[in-house]
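Reader: I would like a close look at one part of this protein, a strand and what surrounds it. Please keep to plain terms.

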Amino acid sequence: MIDRAEIGHRDRVLRAYFEGRYWDGNEEFALKRELVLSSSQLLPDYPFVVDDEWEAEPNQGDRGKGDLIFTNGESRFAVVEVKWIDLVRTGKTVRTGRNRDRNKVREQAEKYRDILAAKLGPDFHVEGYYFTNEDETQVFKV
């Protein structure tokens, strides 16, 4: 487990990275950036961001990467999956895609929550959340 000094260091580095990378045209990255920079309001119980694009299994990136991990600095963690959903286009195919994306991000949040909980063990509490552009004022718990 990482110690308090390491948690603070990771938080500072990741926040500086997200704050300084404002030019990125990737909509999902912009949404993730917004979440990190607004996390004190959106995830007040988890003041530290400690990981971004973390591998579910070390050195096995093809088996999936979680988006973000936040912590309270002690024994509580929040895994947050971020998904940009196309809200502009219309039509049945697009609506089907939006529903698929909503379900996928929810499933990913559950999956990565469970993976991190198994890695950390029973002495730690892990919650799963997801964040989309459908409501940028709220992080949803799974």
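Author: What follows starts at strand E1 and moves outward to the pocket, the neighbouring strand, the cores and one helix residue.

The model is a predicted one. Strand E1 covers residues 48-55. Two of its residues are taken up here, Asp-52 and Glu-53.

Asp-52 counts as buried because its relative accessibility is 18%, and the cut-off for buried is under 20%. The side chain of Asp-52 makes a polar contact of 2.8 Å with the side chain of Lys-32. Leaving out residues up to four places away in sequence, Asp-52 touches Leu-14, Tyr-17, Phe-18, Lys-32, Asp-67 and Leu-68.

Glu-53, also in strand E1, is partly exposed, because its relative accessible area is 35% and that class lies between 20% and 50%. The backbone of Glu-53 has a phi near 55°, a positive value in a residue that is not glycine. As a general matter, most residues other than glycine have a negative phi.

Strand E1 also takes part in the largest pocket, to whose lining it gives 4 residues, the largest share. Helix H4 (92-120) is another element that supplies at least two residues of this lining. The pocket has a volume of about 210 Å³. Its lining has 12 residues, and those nearest the centre are Arg-10, Asp-51, Ile-69, Leu-116 and Leu-120. By type, the lining consists of 8 nonpolar and 4 charged residues, with no polar ones.

One of the contacts of Asp-52 is Asp-67, a residue of strand E2. Asp-67 counts as buried because its relative accessibility is 6%. Apart from residues within four places in sequence, Asp-67 is in contact with Lys-32, Asp-51, Asp-52, Glu-53, Trp-54, Val-80, Glu-81 and Val-82. With Val-82 there is a specific link: the side chain of Asp-67 reaches the backbone nitrogen of Val-82 at 2.7 Å.

Strand E2 (65-71) leads on to the largest nonpolar core, since it is among the elements that each supply at least two of the core residues. This core has 18 residues, and Leu-35, Leu-43, Leu-68, Phe-70, Val-80, Phe-131 and Val-139 touch the most other members. Helix H1 (4-20), helix H2 (27-37), strand E3 (76-83) and strand E4 (125-132) each supply at least two residues of this core as well. Helix H2 gives the largest share, 4 residues. A second, separate core has 11 residues, including Ala-56, Val-79, Tyr-112 and Val-126. In soluble globular proteins, nonpolar side chains tend to be buried together.

Phe-70 shows how one member of the largest core is surrounded. Not counting residues up to four places away in sequence, Phe-70 touches Arg-15, Leu-35, Val-36, Ser-39, Leu-43, Tyr-46, Phe-48, Val-49, Arg-76, Phe-77, Ala-78 and Val-80.

The last stop is Ala-109, which is in helix H4. Ala-109 counts as buried because its relative accessibility is 0%. Beyond its neighbours within four places in sequence, Ala-109 is in contact with Glu-81, Gly-128, Tyr-129, Tyr-130 and Val-142. Glu-81 is also in contact with Asp-67. The C-alpha atoms of Ala-109 and Glu-127 are separated by 8.9 Å, and these two residues are 18 residues apart along the chain.

Notes: Residues are numbered from 1 along each chain as its sequence is written. This is a predicted model: local features need pLDDT of at least 70, side-chain atom pairs count only at pLDDT 80 or more; totals for chains, interfaces and linings use all residues. Side-chain values use heavy atoms; hydrogens and water are left out. On a 1 Å grid over the protein atoms alone, a cavity is a set of points where a 1.4 Å probe fits but cannot get out, and a pocket is an open set with protein on both sides within 12 Å along at least five of seven lines; lining residues have an atom within 4 Å of a point. Grid points are joined across faces, edges and corners, and a volume is the space filled by probe spheres set on the points. Ala, Val, Leu, Ile, Met, Phe, Trp, Tyr, Cys and Pro count as nonpolar, Asp, Glu, Lys and Arg as charged, and the others, Gly among them, as polar. A nonpolar core is a set of buried Ala, Val, Leu, Ile, Met, Phe, Trp, Tyr and Cys residues joined through side-chain atoms within 4.5 Å. Buried means under 20% relative accessible area, exposed over 50%, partly exposed in between (1.4 Å probe, protein chains only). Contact means heavy atoms within 4.5 Å. A polar contact is a pair of N or O atoms within 3.5 Å; within protein, one must be able to donate a hydrogen and the other to accept it, and residues adjacent in sequence count only if both atoms are side-chain atoms.
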